[in-house]
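A reader new to this structure wishes to go through it in questions and answers. The sequence and model are shown first.

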Amino acid sequence: MVEKVYVTYNEVHKLCQASAGRILDGFKPNLMIAIGGGGYVPARILRSFLKRPSSPNIPIQAIGLSLYEQLPSSKPTDPVETPGTKVTRTQWLNLSSLEMTNLVGKNILIVDEVDDTRTTLEYAVRELQKDVETAAQKLGSSEKTQFSIFVLHNKDKAKKGHLPQDMMDEERYLAARTVSDVWICYPWEATDIDEHDKLAASQARY
């Protein structure tokens, strides 16, 4: 049976707060790209902690990627999901608009909730890098665009996906917390937030 860990909004808030200093000092992002749906809430919380005095808020753009698929469960009301094998785009940046040209020359922070198999993160970095290179060529720009990654949780397991070696060597990857290979239930997935918080309060902390 899959072990489930319930995470509260307060815990997500505090993980973002605790990570903000390192992100500001090390990554110096001036744009965030949230991977939906799990990256939306952390990105928005993180933006509040990344704002510097007298500076504007860091813009957030969004992409949607899906890897997980639902498996049959002994309880119809308690479905279990597992990583699939193919990344599906459900939302992407508009390559014909200013969105892509606005990425050129930026320090871009990609935000997601969990690094499970790393397949989704690999896809996001690879495809965004390709699109930015295309946009830079059209602009005739030689400005360097640098990607970094922030996730709330990294699962301590063998990864199927791989991130660029320079990203790992330069420590442009940050997980607020590394956990064992458990199923993490985030509050934005809950249909009954009171029950979710009750389950979180009753469990041993991960």
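The exchange below concerns this predicted model, beginning with its strands and then turning to a helix, salt bridges and single residues.

Reader: Which helix makes a right-handed β-α-β unit with β5 and β6?

Author: The strands β5 and β6 run parallel and are joined by eight bridges. One of the bridge pairs is Asn107 with Gln146 in β6. The helix that completes the right-handed unit with these two strands is α4.

Reader: How many bridges pair β6 with β7?

Author: Strand β6 is mostly covered, with nine of its 10 residues buried. Asn154 has a bridge partner in β7, namely Thr178. The two strands pair in the parallel sense, and the number of bridges is six.

Reader: What span does α4 reach from its first C-alpha to its last?

Author: Helix α4 covers residues 119–139, which is 21 residues. At 1.5 Å a residue, a span of 30 Å is expected. The span in the model is close to that value, at 30 Å.

Reader: Which residue just after α4 takes a positive phi?

Author: Helix α4 comprises residues 119–139. Just after the helix, phi takes a positive value of about 70°. The residue concerned is Gly140.

Reader: Is Glu127 of α4 buried or exposed?

Author: A residue counts as buried under 20% relative accessible area. Glu127 has a relative accessibility of 10%, so this residue falls under that cut-off. Other residues of α4 share this class, including Leu121, Leu128 and Val132. Glu127 is therefore buried.

Reader: Which residue meets the side chain of Glu127 in a salt bridge at 3.1 Å, N to O?

Author: The pair links distant parts of the chain, with Glu127 in helix α4 and its partner in strand β4, 38 residues apart. The partner counts as partly exposed, at 35% relative accessibility. Salt bridges that share partners join both residues with Arg126 and Lys130 into one network. The partner of Glu127 in the 3.1 Å pair is Arg89.

Reader: With which residue does Lys155 form a salt bridge?

Author: Lys155 belongs to strand β6, while its partner lies in the loop between β5 and α4, 39 residues apart. Both residues are buried. The closest N and O atoms are 3.3 Å apart, and the partner is Asp116.

Reader: How many residues apart in sequence are the parts that Lys157 and Asp181 tie together?

Author: The two residues form a salt bridge whose closest N and O atoms are 3.5 Å apart. Lys157 is partly exposed at 26%, and Asp181 is also partly exposed, at 47%. Lys157 lies in the loop between β6 and α5, and Asp181 in the loop between β7 and β8, so the parts they tie together are apart in sequence by 24 residues.

Reader: What is the relative accessible area of Asp115?

Author: Asp115 has its place in strand β5. Beyond residues up to four places away in sequence, Asp115 touches Leu121, Val151, His153, Asn154, Lys155, Lys159 and Tyr173. Asp115 is buried, and its relative accessible area is 1%.

Reader: Where does Thr8 lie?

Author: Thr8 is buried, with a relative accessible area of 16%. Leaving aside neighbours within four places in sequence, Thr8 is in contact with Pro187, His196, Asp197 and Ala200. Its place in the chain is the loop between β1 and α1.

Definitions and conventions:
Residues are numbered from 1 along each chain as its sequence is written. This is a predicted model: local features need pLDDT of at least 70, side-chain atom pairs count only at pLDDT 80 or more; totals for chains, interfaces and linings use all residues. Side-chain values use heavy atoms; hydrogens and water are left out. Helices (H or I, at least four residues) and strands (E, at least two) are DSSP runs, numbered from the N terminus. The expected span of a helix is 1.5 Å times one less than its number of residues. Buried means under 20% relative accessible area, exposed over 50%, partly exposed in between (1.4 Å probe, protein chains only). Contact means heavy atoms within 4.5 Å. A salt bridge is a side-chain nitrogen of Lys or Arg within 4 Å of a carboxyl oxygen of Asp or Glu. Two strands pair if DSSP finds at least two bridges between them. A crossover is right-handed if, with the strands pointing away from the viewer, the path from the first strand over the helix to the second runs clockwise.
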